[in-house]
Amino acid sequence: IEMEKIGRFEDGTLASCIIVEGIPGVGKSTLAWQLGRRWGKKEILQHFQLVIVLHPDIQQAVSKWMSTTLGDNVLLILDGYDELPSEVQVGDGSMIGRIIKGEELPKLTVLVTSRPSANRNLHQLCRILEKCQYIEVVGFGE
C-alpha cells in the first residue's frame with residue numbers, strides 16, 4: 001500500500017483503526033515515524049489536523065493529555081504496541097484499549113504497529129470494528 005492511501009478506503013471513507021503488522025526489523029517503526037514526518041511536511045495525511053507518534057516509553061504519559069481532547073481530525077500512531085505491558089494493551093480497564101476500541105475519543109483515528117506474535121487481540125478487534133484497515137509490512141520498495 002502506498003503511504004498516501006493509508007487510513008483511507010477505496011470509497012474515500014476514513015479508517016477508525018489501522019493495524020500495521022510485521023516481523024521484527026521489517027520497518028513498522030520506520031513507517032510510523034515516516035508518516036509523522038511526511039505529515040509535518042504537508043506531504044500526506046493532510047485530512048488530519050494533528051498526527052501524534054508515540055513509542056511505548058511515552059504512551060502512558062500522553063494518554064492523560066489525550067483524555068482532555070475529543071480526538072477530532074487527529075491521527076494517533078501507537079508504535080510498538082507489542083512492547084506495552086499486557087495490562088496497558090487492549091483490556092477492560094486500559095485507556096489505550098478504550099481508545100483503540102473507540103470507547104474513548106471516538107473521533108480519533110488510531111494507527112497501531114505490532115509484531116505478529118503479539119497481536120491476536122488486535123486481529124479480533126479489527127474484525128469487530130466497523131472501519132478497520134489492516135496492513136502487513138514486508139519491507140520497503142523504492
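**Exercise 1. Decide whether Lys 42 is buried or exposed in this predicted model, and say where Lys 42 lies.**

Solution.
Step 1. The relative accessible area of Lys 42 is 64%.
Step 2. Exposed means a relative accessible area over 50%.
Step 3. Lys 42 is therefore exposed, at 64%.
Step 4. To place the residue, look at the elements around it: Lys 42 lies in the loop between helix H1 (28–40) and strand S2 (50–54).
Step 5. The backbone adds one more point: Lys 42 has a positive phi of about 65°, although it is not a glycine.

**Exercise 2. Leu 45 lies in the loop between H1 and S2. Find whether Leu 45 is buried or exposed, and give its phi.**

Solution.
Step 1. The relative accessibility of Leu 45 is 7%.
Step 2. Buried means under 20% relative accessible area.
Step 3. Because its value is 7%, Leu 45 counts as buried.
Step 4. The phi of Leu 45 is positive, about 55°, and Leu 45 is not a glycine.

**Exercise 3. Describe how strand S4 is covered and which strands it pairs with.**

Solution.
Step 1. Count the buried residues: 6 of the 6 residues of S4 are buried, and the strand is mostly covered.
Step 2. Recall a general point: in a regular strand the side chains alternate between the two faces of the sheet.
Step 3. Sort the residues of S4 by face. One side has Thr 109, Leu 111 and Thr 113, the other has Val 110, Val 112 and Ser 114, and all are buried.
Step 4. Both faces of S4 are covered.
Step 5. Look for partner strands. Strand S1 (residues 17–21) pairs with S4 in the parallel sense over 5 bridges.
Step 6. Strand S3 (residues 74–78) also runs parallel to S4, and 4 bridges join the two.

**Exercise 4. Describe the surroundings of Leu 111, found in strand S4 (residues 109–114).**

Solution.
Step 1. Start with accessibility: the relative accessible area of Leu 111 is 1%, so Leu 111 is buried.
Step 2. Find its bridge partners. Ile 18 stands opposite Leu 111, and Ile 77 has Leu 111 as its bridge partner in S4.
Step 3. List the contacts, leaving out residues up to four places away in sequence. Leu 111 touches Ile 6, Ile 18, Val 20, Leu 35, Leu 75, Leu 76, Ile 77 and Leu 78.
Step 4. Compare sequence with space. Leu 111 and Val 53 are 58 residues apart in sequence, and their C-alpha atoms are 9.1 Å apart.

**Exercise 5. Which residue offers its backbone oxygen to the side chain of Thr 109, and what else does Thr 109 touch?**

Solution.
Step 1. Thr 109 is in strand S4 and is buried, with a relative accessible area of 5%.
Step 2. The side chain of Thr 109 reaches the backbone oxygen of Ala 15 at 3.3 Å.
Step 3. Beyond four places in sequence, Thr 109 touches Ala 15, Ser 16, Ile 18, Phe 48, Val 74, Leu 75 and Leu 76.

**Exercise 6. Give the volume and lining of the largest pocket, then examine Ile 1.**

Solution.
Step 1. The largest pocket holds about 260 Å³ of space.
Step 2. It is lined by 13 residues, and the closest to its centre are Ile 1, Glu 2, Gly 139, Phe 140 and Gly 141.
Step 3. Sorted by class, the lining has 8 nonpolar, 2 polar and 3 charged residues.
Step 4. Ile 1 is in the segment before S1 and is exposed, with a relative accessible area of 63%.
Step 5. Apart from neighbours within four places in sequence, Ile 1 is in contact with Ile 6, Gln 133 and Ile 135.
Step 6. Ile 1 and Val 137 are 136 residues apart in sequence, and 9.1 Å apart in space, C-alpha to C-alpha.

**Exercise 7. Do the volume and lining for the second largest pocket.**

Solution.
Step 1. About 150 Å³ of space lies in the second largest pocket.
Step 2. Of its 13 lining residues, the closest to the centre are Leu 14, Ala 15, Lys 107, Leu 108 and Thr 109.
Step 3. By class there are 6 nonpolar, 4 polar and 3 charged residues in this lining.

**Exercise 8. Summarise the whole protein: its elements, its buried share and its contacts.**

Solution.
Step 1. The secondary structure comes to 4 helices and 5 strands.
Step 2. From the N terminus on, the order is β-α-β-α-β-α-β-α-β.
Step 3. Of the 142 residues, 47% count as buried.
Step 4. Take the contacts with a separation of 6 or more: residues 24 or more positions apart account for 71% of them.

How values were computed. Residues are numbered from 1 along each chain as its sequence is written. This is a predicted model: local features need pLDDT of at least 70, side-chain atom pairs count only at pLDDT 80 or more; totals for chains, interfaces and linings use all residues. Side-chain values use heavy atoms; hydrogens and water are left out. On a 1 Å grid over the protein atoms alone, a cavity is a set of points where a 1.4 Å probe fits but cannot get out, and a pocket is an open set with protein on both sides within 12 Å along at least five of seven lines; lining residues have an atom within 4 Å of a point. Grid points are joined across faces, edges and corners, and a volume is the space filled by probe spheres set on the points. Ala, Val, Leu, Ile, Met, Phe, Trp, Tyr, Cys and Pro count as nonpolar, Asp, Glu, Lys and Arg as charged, and the others, Gly among them, as polar. Buried means under 20% relative accessible area, exposed over 50%, partly exposed in between (1.4 Å probe, protein chains only). Contact means heavy atoms within 4.5 Å. A polar contact is a pair of N or O atoms within 3.5 Å; within protein, one must be able to donate a hydrogen and the other to accept it, and residues adjacent in sequence count only if both atoms are side-chain atoms. Two strands pair if DSSP finds at least two bridges between them.
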